[in-house]
Amino acid sequence: MNNRTDILSLRDALEALRTLPGQLIETNVEVDPSAELSGVYRKVGAGGTVMRPTTVDGPAMLFHNVKGHPDAACVIGVLASRQRVAILFGCKKEELGHLVQSCAANPIEPVVVEGEAPCQEVVCKATDPDFDLFKLIPAPTNTPKDAGPYITMGMCYATHPDTGLSDVTIHRMCIQSKDELSIFLQPGSRHIGAMAERATELGQPLPISVSIGVDPAINVLSCFEPPTTPLGFNELSIAGALRQRPVELCPCLTQKENAIRNAEYVIEGYIVPGSNNTVEDRNSHTGFAMPEFPGYNGPASHVCWLLKVTAVTHRKNPIMQTCIGPSEEHVNMAGIPTEASILGIIDKAKVLNCYSHRSGGKYMVILQCKKTVHTDEGKQRQAALLAFSAFPELKHVILVDEDVDIFDTNDVLWAMNTRFQGDRDIVTIPGVRCHPLDPSSDPAYTSSITDVGISTKTIFDCTVPFHMKDRFRRAEFLDVDLEKWLNG
């Protein structure tokens, strides 16, 4: 297993995966980034909520021959396996939530390094006569219905105009012209959205950098959200704690902002003040954006912001990193910080572990609970309520006992089938704000929903009542050394 301090860039991660059988496929066959690349990876290892057939826990895939981009490669699926994330983080897959929670509690702030940066080996400025984002960035169009080419794994870095505090988040961005991107900033939520709104109030642009192709720790840990990381908390400090050294930044060349020094690509630009009426599919008119983690082609937004690009810098022979929206990759990026956020505020003596399930991502977690005395009865439901507080976008919590493997869906459903009665073990909390990308959280779905994004939070208590634990002991088999029979 790799030491987690050894991997500091995307290239380090790929080198590590090359040493492990079945973790990385490389191909020199030409692939079209327009729908074809994602179409290939859907069957290779997308997993998640992608329509079947797909392969769960399949390898990452590196395309060395991308149509229209002779000097670039494209990688997808680096984080599309929980086991692969664990390898890259230097831990067991069951320990990811606990490890990341510890890092969030002990952050190491990023540092700015002056001088030549790997991400600035090649510099292309928007003032150059042949500057064209469509030609510079091999951004895939995930499906034929997408609004256009999307940057799905860009680390957006900006600074609050009042406080001077910086933050990094991931947002979907669609290339709209030779020097413009649309960026979807969910109203009232993520930090850079608040920065853009404040900059607009001040009548000024918001400088921003978008770093693509970075250390996997940055990809995952930038997905923390409030209340665990409030406005002003720089998630790069959590990645620093994981790698046990500060994330290195470098000054941008055309904007007063910093970028991730080891990135493959950096897009420099600014969010145009008051531009939050940008239509996402203004070129394609398909009516759709791109498929997101719930597994559906979401409608194109008419309230995106406009990102005016002033430069693109990149490494020589850069590697574009991307993901399929509904894939296991998105689940891991959103889910592991969710697990860490929940583990950070609950009683770890009573809740042993937490898993953000691959079918739900931000929507569903499974809590593994332990009742040791009669007064523990009911604390499992209190833990579920705390989980909703730790991650407000959460919709469903499934509670199971300590003898249930929360990472095995069959075991969880076994607990539901043998330790659950619908009339007494379901707790519903209607009329609560959850996540707007849930297509069922819409007044058109049911009259009980008053606004898009409102849902009923639900607890499924599949734990045995404490006074009946002896009745629900699982059959215990003789423990043997299997090697004797397999190698005899």
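The lining of the largest pocket in this structure divides into 15 nonpolar, 9 polar and 8 charged residues, and the model in which this pocket is found is a predicted one. The volume of the largest pocket comes to about 700 Å³. Among the 32 residues that line the pocket, those closest to its centre are Phe184, Gln186, Pro436, Leu437 and Val452. When the lining is sorted by secondary structure element, the element that gives the most to it is strand β16, which spans residues 297-299 and supplies 3 residues.

Apart from the pocket, there are enclosed spaces to consider, and a search of the whole structure returns 2 cavities of 30 Å³ or more. The second largest cavity has a volume of about 40 Å³, and its lining consists of Lys350, Val351, Cys369, Lys370, Lys371, Asp376, Lys379, Gln380 and Ala383. Sorted by character, the residues that line this second largest cavity divide into 3 nonpolar, 1 polar and 5 charged. Helix α10, which covers residues 379-390, gives the most to the lining of the second largest cavity, with 3 residues.

The strands can be taken next. Strands of a sheet pair through backbone hydrogen bonds, and they do so in either a parallel or an antiparallel way. In this model, 4 strands form an open sheet whose order is β1-β2-β3-β18, with mixed pairing. The edges of that sheet are β1 (24-27) and β18 (319-322), each of which pairs on one side only, and from one strand to the next the twist averages 20°. Within the sheet, strand β2 (residues 60-63) and strand β3 (residues 73-76) run antiparallel and are joined by 3 bridges; in one of these strands, β3, the residue Ile76 is the bridge partner of Met61.

A further open sheet is formed by 3 strands in the order β4-β12-β13, and here too the pairing is mixed. Its edge strands are β4 (111-112) and β13 (258-260), and each of them pairs on one side only. Strand β12 (residues 248-251) runs antiparallel to β13, and 3 bridges join the two. The bridge partner of Leu249 in β13 is Ile260.

Turning to the helices, α9 extends over residues 328-343 and thus has 16 residues, reaching 21 Å from its first C-alpha to its last, which is close to the 22 Å expected at 1.5 Å a residue. How much of helix α9 is buried? Of its 16 residues, 16 are buried, so α9 is largely enclosed by the rest of the structure. Helix α8 offers a further view of a buried site, for Ser237 has its place in that helix and, at 0% relative accessibility, counts as buried, because the cut-off for that class is under 20%. Ser237 also takes part in a contact between distant parts of the chain: its C-alpha atom is separated by 4.4 Å from that of Glu109, although Ser237 and Glu109 are 128 residues apart along the chain.

The loops contain several backbone features that a careful reader may wish to locate. In the loop between α2 (36-44) and β2 lies Pro53, and the peptide bond that leads from Arg52 to Pro53 is cis, with omega near 10°. The loop between α2 and β2 is also the place of Asp57, which is not a glycine and nevertheless has a positive phi of about 60°. With a relative accessibility of 42%, Asp57 counts as partly exposed.

Another cis peptide bond joins Pro226 and Pro227, with omega about 5°. Pro227 is placed in the loop between α7 (216-221) and α8 (236-243), and α8 is the helix in which Ser237 has its place.

Another positive phi belongs to Asn317, where the value is about 50° although the residue is not a glycine. Asn317 lies in the loop between β17 (305-314) and β18, the latter being an edge strand of the sheet β1-β2-β3-β18. Is Asn317 buried or exposed? The relative accessible area of Asn317 is 54%, and the residue is therefore exposed, since the class begins over 50%.

Terms used
Residues are numbered from 1 along each chain as its sequence is written. This is a predicted model: local features need pLDDT of at least 70, side-chain atom pairs count only at pLDDT 80 or more; totals for chains, interfaces and linings use all residues. Side-chain values use heavy atoms; hydrogens and water are left out. On a 1 Å grid over the protein atoms alone, a cavity is a set of points where a 1.4 Å probe fits but cannot get out, and a pocket is an open set with protein on both sides within 12 Å along at least five of seven lines; lining residues have an atom within 4 Å of a point. Grid points are joined across faces, edges and corners, and a volume is the space filled by probe spheres set on the points. Ala, Val, Leu, Ile, Met, Phe, Trp, Tyr, Cys and Pro count as nonpolar, Asp, Glu, Lys and Arg as charged, and the others, Gly among them, as polar. Two strands pair if DSSP finds at least two bridges between them. Axes are lines fitted to C-alpha atoms, for helices over the stretch in contact, and angles run from 0 to 180 degrees between N-to-C directions. The expected span of a helix is 1.5 Å times one less than its number of residues. Buried means under 20% relative accessible area, exposed over 50%, partly exposed in between (1.4 Å probe, protein chains only).
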